[in-house]
Structure formats: structure tokens, C-alpha cells
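Take a walk through the model below, from a pair of helices out to whole domains and chains.

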Amino acid sequence: MFYERPRFLAGGDKAFFIEFGNAITPELSRRVRRLLLAVQNVRVPGVIETVPTYRSLLIHYDPLEISPTELRDRLETLEQNAEDSELPRPTVTEVPTVYGNEYGPDLEFVAKHNGLSPEEVVRIHTGTAYLIYMLGFIPGFAYLGGMSSRIATPRLGTPRSRIPGGSVGIAGNQTGIYPAESPGGWQLIGRTPIELFHPHKEPPALLQTGNHVIFVRITPQEFTRIKEEVQQGTYRMKETPVARKGESGNI
Amino acid sequence: MEIFEVIQPGPLTTVQDLGRYGYQQYGVPVSGAMDNYALRVANLLVGNNEGEAGLEITLLGPQLRLLEDTVVAITGADLSPMLNNNPLPMWAAVMVGCGATISFHWPKKGCRSYLAVAGGIDIPKVMGSSSTYVKSHIGGVEGRPLRAGDCLKSGKARPGILERKLAPQYVPEYRDQSEVRVILGPQDDYFTEKGIRDFLHSEYTISTEADRVGYRLQGPRIEHKGGADIISDGIPLGAVQVPGDGLPIVLMADRQTTGGYAKIATVITVDVPKLAQAKPGDKVRFLQTTEEKAHQALRECEQTIYALEHCIQQNH
């Protein structure tokens, strides 16, 4: 899963990738995060921006401020020292979701495709805490890992031209939430009233790489109430630290 | 201070600065001027810091009415700018009076023109930048292109800005056949030797699917060793991704922050403006270069900008 040594890959003259392996696993993701946090803590001169993804970290830098050789040396040292560093304790964010009907028009299809009842799909979907591997695709969109293969369903043959913001969907082995209205081909099983992206908040994205998400079933009435609270700015997100090994809880 | 009223917006006129950095980790694209050399020079000519917000004008220009006396500079593509009924000199700081009209007649050379105004366009910043990202309605004027009836404000101009012209050796020439230099990677090992040879030794045509997100090219198909899919990773400016059909896509200012197609190479920073000024139908060739040579070219470009900034300040 891990390369023997991290690979430095060229990303033009102002960026490079540090790639740790070629798989999607929580261990690789933690390795990426360790280096990300080390780079952020040390404030390496010349580093403009860092983009963590499944198995690599993209570093944007200014070659007029630091030479690529020097930067690579510094990153290698940081990487070696970070190998055993402790990551901040991740949190689990609850995403209240109404399943089925107009909120999740494809729930029936996902159930039929997998030989399950819609109830069982919901139970499986709400029964796991998903790791946030990275953000991308559109602002605030989280790539979540850990969905049960029992509810995996291929994308729609013809994508929808408009999917409402907050839609919760399944595409192959992945589940995700559309932060804003967008076209898309995911099978929609539900919708959340919470806001995943707000350009005027700091940070603008609700979900952060390395944390977890759990879907919690709500009723359409609760959906309306939470939506109003979100609009008024009075809704409090439910976030709890992940239990450590040996403590109760099953993440 | 209100400085322009938009009479006609043109098909795609947006407010852009040098981009939004630090938010790609949240999935927010960088955006910013496609041709950042042209915007930086326009700003310097009117006495601004190089990174102030200006207008990016695409192919067909807007019509703007001046609401105050000010100084403007238009750089980048030659879209036949006019001040009232007279040609407006490009790559120059020009005094314009209240009530005058700036318009654009037809595109002559290049694709994107930049208009800077003394004091810069004053617009609230979103995530540290004034750049417009239309797809997610972020930045600029309500996150959208300009519309008729919009009024734009300018910031405080530096006093004593003079009319002046950029020395001709600093004005780039836009051709409909350009050569851009690339550094191979990050996934050049996903392609066969033939694939890489075809990429580096063929002429590609910019298709009609070419916008601020990226340019889809037509030409010889680039052969992958196996599949085109990778585990999604980050995307630098100018990355050339090659999906399963073998036709390359160069990713530009509004590119997604992550993607799942193998990237054969990345266009070097100083050559991105050449692509920014290329239009559908124009031809492009990719030449391989090294990191060292790319950095040398970058240093030379930055020295030019530094020299411009310095000589403009001395004129005051």
C-alpha cells in the first residue's frame, strides 16, 4: 500500500506532489495529513498552498522564494519526523437527513438494485461513520470513504441537469452530499437541510479532511425546522470527538 | 467612487484579480485572470499594485460609460478598443473623462483583454480575492459576469498618474500558432513512449470546448499504457490531463481542485498566458523543457515586471 519512499512528482514549475502510495485507505490518508499539518505548523517559506488528497499532498510554492531542491529536502525531513506524530483527535459531524420520497427519489431504485428494502438501505447508510478523505469537485464537496458495498449502486445512465443543494447520493461505492445545486449523475437517496459551504465563513467548508460524518435520519418536519434555523443562523451542528481505541463507540 | 456604468456587458466580462489562494483544500478553484501578465502590466501602468482587480473581457467587449475622470489601461487581446469614436491605445495609461464611452469593435488578435483603472476595481473580497468564479457564484459582482446597468466602483488612485506607454519589447505578440513549454509529469508513466512522442511532436487544435475551466484539444490521440483513471489528486494550473479518449485537456484558471484523469505534463507558468490568448481553431504545440529552464524563464519574466514597476514609480 505504501511506497517504500514517498515519491516526488512534478506538477509544473510551481508545484509538486508528494505521493505516498496508490490506494484509498485510512492509513494513507493519515500519512498525507501528518505531512500537511507538519508543513502548516512549520510555515515553510515559499509554500503558497497545500492540497491534501487521498494519497498525495500537492504543494504549490514560489520558486523565486525557495529552490525546489531546498524545498524537497525540507519536506523529506518534515515527512520523516512526522511519521509517528500524533494527529489531532478527529470529530464526527452529524448530518441530519430525510430519506426517500421527493428528498431521495432514487432510494427505491438503490433498494431494488441491491435486493433490499428502502428501510434496510437507510439503516445501512446511517449505520457507519464515514471518513472525509478530501474535498474537491465543487466547493465544500467531501469525498467520503467507508460505505457498505451492500448499498453500492452505479450512477444514473443520464445525469440530472439540476440536483438540489444538500442532496445525499450514492455513486458506485461512494456516498456524498452535494453542497450546492449542480448537475450530476448520483443516485439520490435523501437530503440534508444543513449548509456545507458558505463563502463568507472561515473556513468556508463545514466538513474537514480527516474528520468523520454520520448520517442521522430526520423527518420532513424536522427538515423544515432545521432549514429555518440554518437560515436564521441559530442551528448548532452536532459534533463529537471520535472515541479512541479502547473507549466505547464503534467507528 | 462609482467609476463605470455598464451599458452593454459583452458575452463574458468578469472582475478578476490574481486569484484566490489557500482554499483549494476546501474545493474552491483559484480563478483569477487567465493571462496574469496582461492584468499585472495593466495595473502597473495605471499606478496600481499589480494584483488589483480589473476586468477580464472575452472576445467581444462591453460598452462602458465613465462616471468620473480617471486613467485606464487596456492590455491583452486586441479587441479594437475605442474611446468614444477614436481608437484607444493599448498597453498604455490613458486619461479618460467623465461621460466618455469605452467600447470594443471586433477581435483582432488574442482572446482576452484586460482593463485596469487607477485605484483598481473596488469590490468586496470573498476568501481573500475579488476574482469571479461564475460556476459557484463566488466573488466579483454577485458571483456573475457583468450585466447592463451594473455600476462599478474604483479604489483610491495614486496621485499624479501620467499618460504613458509600455515599451514595445514588453508587449507580447499573440499568434494563432503557439508553442508552449511543458514539464512532463506527474503521471507521464501512465503513457506509452508513443503516447508521449505524439504529445510532444504533434500539432493540436483548440476545440470549441475551451473556456476558463480548460481547453479541450483536437489532434493525435495520446496512448495510455493501461487505463486513464487515477486515484483523484490535486491539479496545478496548466496541467494537461488525458481522459480515456486520448484527447488532451489543458486545465486553466477555473479548473476543479481535484481530478481523476492521468496528467501527462504541466504547461510552465510563463507560457500559460499564450494559451489564455488562444481561441478555438488556434494551433498549439507542446515542447518539453526542464524545471531549471522554466525557473530561469520565470525569473526573467519577474525581472521584467519588477523593472516596469520600478520605472513607473520613478516617473512620479
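Helix axes here are lines fitted to C-alpha atoms over the stretch in contact, and angles run from 0 to 180 degrees between N-to-C directions. Keep in mind that this is a predicted model. Two packed helices are described by the angle between their axes and the distance between the axes.

Start in chain A with helix α1 (residues 26–42). Its partner is helix α2 (residues 68–82) of chain A. The axes of α1(A) and α2(A) are 9 Å apart, and the packing angle is about 120°. An angle of 65 to 115 degrees would count as roughly perpendicular, and one over 145 as roughly antiparallel. The value for this pair is about 120°, so α1(A) is oblique to α2(A). The two helices cross with a right-handed sense.

Which residues make the contact? From α1(A) come R34(A), L35(A), A38(A), V39(A) and V42(A). From α2(A) come L78(A), E79(A) and A82(A). By class, six residues of this contact are nonpolar and two are charged. No polar residue takes part.

Now step back to the domains. Chain A splits into domain 1 (2–82) and domain 2 (91–241). Over C-alpha atoms, the centres of domain 1 and domain 2 of chain A lie 30 Å from each other. Across the boundary, seven residues of domain 1 of chain A meet six residues of domain 2 of chain A. Helix α1 of chain A appears again here: it gives the largest share of the domain 1 side, three residues. That side of domain 1 of chain A holds four nonpolar, two polar and one charged residues.

Next comes the contact between the chains. How many residues does each chain bring? Chain A brings 38 residues and chain B brings 35 residues. On the chain A side, strands β1 (2–10), β2 (15–21), β3 (47–52), β4 (56–61) and β6 (129–135) each supply at least two residues. The most come from β3(A), with five residues. The chain A side as a whole has 24 nonpolar, ten polar and four charged residues.

Finish with chain B itself. Chain B contains four helices and 22 strands. Along the principal axes, the C-alpha atoms of chain B fill a box of roughly 60 × 40 × 35 Å. What radius of gyration would a compact globule with 316 residues have? The expected value is near 20 Å. Chain B has 20 Å, so its radius of gyration agrees with that of a compact globule.

Key
Residues are numbered from 1 along each chain as its sequence is written. Chains are lettered from A and ligands numbered from 1 in the order in which they are written. This is a predicted model: local features need pLDDT of at least 70, side-chain atom pairs count only at pLDDT 80 or more; totals for chains, interfaces and linings use all residues. Two residues are in contact if their C-beta atoms, placed from the backbone, lie within 7 Å. Ala, Val, Leu, Ile, Met, Phe, Trp, Tyr, Cys and Pro count as nonpolar, Asp, Glu, Lys and Arg as charged, and the others, Gly among them, as polar. Domain bounds come from an automatic or database domain assignment. Angles under 35 degrees count as roughly parallel, over 145 as roughly antiparallel, 65 to 115 as roughly perpendicular and the rest as oblique. A crossing is left-handed if the near helix is turned anticlockwise from the far one by less than a right angle, and right-handed if clockwise. The radius of gyration is taken over C-alpha atoms; the globule rule is 2.2 Å times the number of residues to the power 0.38.
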